[in-house]
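Work through these short exercises with the sequence and the structure in view. Try each task before you read its solution.

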Amino acid sequence: MRSTIVNHLELNNLLPKNQHGFISGRSTLSQLLNQIEQMIRAWEEGKATDTIYLDFAKAFDKVDHNILCHKIKRLGISGKVGIWISKFLSGRYQQVSANGVLSSPAPVISGVLQGTVLGPILFIIMIEDLDCDLLHSVASKYADDTRVTAKISSQEEAQCFQKELDEKIYAWGPANNMKLKWEKFEHLHVGAQS
């Protein structure tokens with residue numbers, strides 16, 4: 001099933017180019033090299049770079065099944081495969097065992113199953129639109145680890161970057177029932193102060 005989904009995404013040029021996790025030929029190294037190249041290009045232009053490292057709270061566990069199924073359908077994955085994925089996600093229950101006592105079963109209403117072959121590609125589909133329509137910055141993802149970088153040479157460019165973060169990147173979380181973990185964000189500035 002995973003290879004069918006990946007083949008569909010590859011054939012239709014739908015695999016996110018800035019996603020480096022769980023995709024053949026990409027890795028943390030390809031993500032790092034991409035980041036370094038952005039910094040060098042900015043330096044060659046006489047600009048600095050500002051990078052914000054995002055963190056999602058329990059990213060894989062919080063994937064909203066309805067939103068994910070909508071995104072899967074939007075990517076043209078429908079018919080029997082779309083129905084199978086929907087059934088794969090729904091109708092699951094979980095129990096907790098503590099001190100030899102097993103809890104009652106509770107329905108699993110969100111999340112992609114970690115440890116499965118299909119879970120990572122479903123997560124990639126979930127966050128593929130996180131960085132749609134960015135004009136002043138670029139995003140780079142390794143699974144749920146996301147960094148957003150902008151070239152900065154003036155206060156106006158810094159303000160445009162902040163506005164884009166606020167209106168597009170940070171707004172994506174609530175719109176997709178994903179929570180950003182603000183206290184774990186990091187900021188990296190490389191280059192001269194603007």
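**Exercise 1: strand pairing**

The model is predicted. Find the residue in strand S7 that is the bridge partner of tyrosine 142.

Solution. Step one: the bridge partner of tyrosine 142 in S7 is aspartate 145. Step two: look at the strands. S6 (residues 138–142) pairs with S7 in the antiparallel sense, over five bridges. Step three: check the connection. Two residues separate S6 and S7 in a hairpin, and alanine 143 in the turn has a positive phi of about 55°.

**Exercise 2: the other partner of S7**

How many bridges join strand S1 to S7?

Solution. Step one: count seven bridges between S1 (residues 48–54) and S7, with the strands antiparallel. Step two: pick a pair. Isoleucine 52 has valine 148 of S7 as its bridge partner. Step three: turn to burial. Six of the eight residues in S7 (residues 145–152) are buried, so this strand is largely enclosed by the rest of the structure.

**Exercise 3: two surface patches**

Decide whether leucine 29 and lysine 184 are exposed or partly exposed; over 50% relative accessible area is exposed, and 20% is the limit for buried.

Solution. Step one: leucine 29 lies in helix H2 (residues 28–44). Its relative accessibility is 52%, so leucine 29 counts as exposed. Leu29 belongs to a nonpolar surface patch with Leu32, Leu33, Ile36, Ile40 and Trp43; together they have about 620 Å² of accessible area.

Step two: lysine 184 sits in the loop between helix H6 (155–175) and strand S8 (186–190). Its relative accessibility is 46%, so lysine 184 counts as partly exposed. Lys58, Lys62, Lys179, Lys181 and Lys184 form a positive surface patch.

Definitions and conventions
Residues numbered from 1 in each chain as written. Predicted model: local features only at pLDDT ≥ 70, side-chain atom pairs only at ≥ 80, totals over all residues. Heavy atoms only, no water. Buried < 20%, exposed > 50% of the residue type's maximum accessible area, 1.4 Å probe, protein only. Helix = DSSP H or I, 4+ residues; strand = E, 2+ residues; numbered from the N terminus. Pairing = 2+ DSSP bridges. Patch = residues over 30% accessible without salt bridge, like charges linked within 9 Å, V, L, I, M, F, W, Y side chains within 5 Å. Areas by Shrake-Rupley, 256 points an atom, 1.4 Å probe, with all protein chains shown as cover. Salt bridge = Lys/Arg side-chain N within 4 Å of Asp/Glu carboxyl O. Lys, Arg positive; Asp, Glu negative; His and termini not counted. Charge placed at Lys NZ, Arg CZ, Asp CG, Glu CD.
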